[in-house]
Amino acid sequence: MIGDRLRYRQRRSGAAGQHPAAVVVGGGLNALGVVRSLAAARVDVHLLAGSHAMPAARSRYARVHCYDDTTADRIVPALIDWAARFPATSRRPLILTEEGKVAAVSAQRERLTQDFVLQLPPEASVTRLLHKDGFRAAAEAGRYCVPRSRRIRSSHDLDGLTTLVPPLVIKPAGRQSAFLAHFPRALRVESVDAAREQLEQMLTVSDDIVVQEWIDGDDSTIYFCLQCLPEDGGEPVSFVGRKLRAWPRQTGGTARCVAAPEAADALVPITTRFFQGEGVIGLAGMEYKWRAATQEYVMIEPTIGRTDHQEEIATLNGVNLPWAAYCQAVGGEAPRATPATPARIWKDPTADANAAAEYPEIAVPAPHDAQVIDALWRWDDPAPGLLDLYGRARRRFRRLATRAS
């Protein structure tokens, strides 16, 4: 439930109070990018975060409210309690930034619609698309290109691995905290025997795992299409980008990315058709990998009901998707895209530094004139970057003290 520790940071905006404030849930880099994107559009922002020490909670552009229990099953009571404490004359748009919260909010949406504007697909679509095998089935039914895969529920399913061609990648079928406490969210293996050995261990903590064929290519062949889809089935606001570096390499999240307008003509129609066919509205995204052998983009996984980790890359390049979602929620017109020149590169400083240190020999392709933007550091909003610097200094001091002792 929301704690009594509240700290407000009123941003400088002449538009505050003219429209309902946006409510953003989360505290990481994802939420920080959303807060800054909305502030750039002069939208008042309330942030519900798990701690004041989280990057987004340090932004000067949000009114910060901390809640003690950040687990997915407590987010709905926290939102209801917060709305009772801070009533408004109109419903406020709700923007989620964490995958675990989407299923919880969707399943209990009727409890929230009195106080919040929710832009979510039908519950059946949420359940299907948040599950990797459900997504695969939906994509295959629509004749989209996806990796061949097998769902592993027990040791009896292991014999089916022989139908797949290694290398393989193993993932939990859904968001499973028990699994992630013991294993990475994606693990590449080079043979069926290696996959069987890993799965025998994983089945001790999870009974729902997916094994996919690996799509050849480095991290820079991974593309994504981020969208805000209107309820009337009209043209969505879209942005296409690609990864330049990931951490961990090949199986991890985005460490550095850039706009990829050269892929927009191919990816926007595919992504739009898939999401509209599944009844998806609001914020969503699809990740692809370019398969050179067959010259096609392969769908990897969707993001629905929330922003993506690197969502701010779109805003930095002139496509403000959180603002588009806000406008849609309050009945306004979607903002026009104004592509940035030169292109901007978004980087997660910690993940990017880890990847560069681990694989210094791997060159990172990028436009020669592109400007690199740190996800934390901004001159007009310095606290998140300063907090990160302080945390790094403390960790380094502790390591040195441990060695000295």
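The following paragraphs describe confidence, nonpolar cores, cavities, a buried glutamate and the cysteines of a predicted model.

Residues are numbered from 1 along each chain as its sequence is written, and side-chain values use heavy atoms, with hydrogens and water left out. As the model is predicted, local features need pLDDT of at least 70 and side-chain atom pairs count only at pLDDT 80 or more, while totals for chains, interfaces and linings use all residues.

Confidence comes first. The protein chain has a mean pLDDT of 91, with 95% of its residues at 70 or more; pLDDT is the predictor's confidence in each residue, from 0 to 100. Over residues 1-17 the value stays under 50, and the model has 58 contacts beyond four places in sequence for this stretch (contact means heavy atoms within 4.5 Å). Where pLDDT is low, the predicted coordinates should not be read in detail.

Turning to the interior, the largest nonpolar core holds 44 residues, and Leu79, Leu94, Val105, Phe116, Phe274 and Met299 have the most contacts inside it. Such a core is a set of buried Ala, Val, Leu, Ile, Met, Phe, Trp, Tyr and Cys residues joined through side-chain atoms within 4.5 Å; buried means under 20% relative accessible area, exposed over 50%, and partly exposed in between, with a 1.4 Å probe and protein chains only. Helix α2 (residues 75-85) supplies the largest share of this core, 6 residues; helices (H or I, at least four residues) and strands (E, at least two) are DSSP runs, numbered from the N terminus. Another core, of 41 residues, lies apart from it and includes Ile95, Phe224, Ile313 and Val319. Beyond its neighbours within four places in sequence, Phe274 contacts Leu129, Phe135, Ala138, Ala139, Tyr144, Met286 and Met299.

Strand β14 contains Glu287, which is buried at a relative accessible area of 18%. Leaving aside neighbours within four places in sequence, Glu287 is in contact with Ile222, Tyr223, Phe224, Lys243, Val298, Met299, Ile300 and Glu301.

As for the cysteines, the count of disulfides is 0, a disulfide being a pair of cysteine sulfur atoms within 2.5 Å. The sulfur of Cys257 is 14 Å from the closest cysteine sulfur, in Cys225, and is therefore too far for a bond. Cys257 is buried at 0% relative accessibility, and Cys66 is buried too, with a relative accessible area of 1%.
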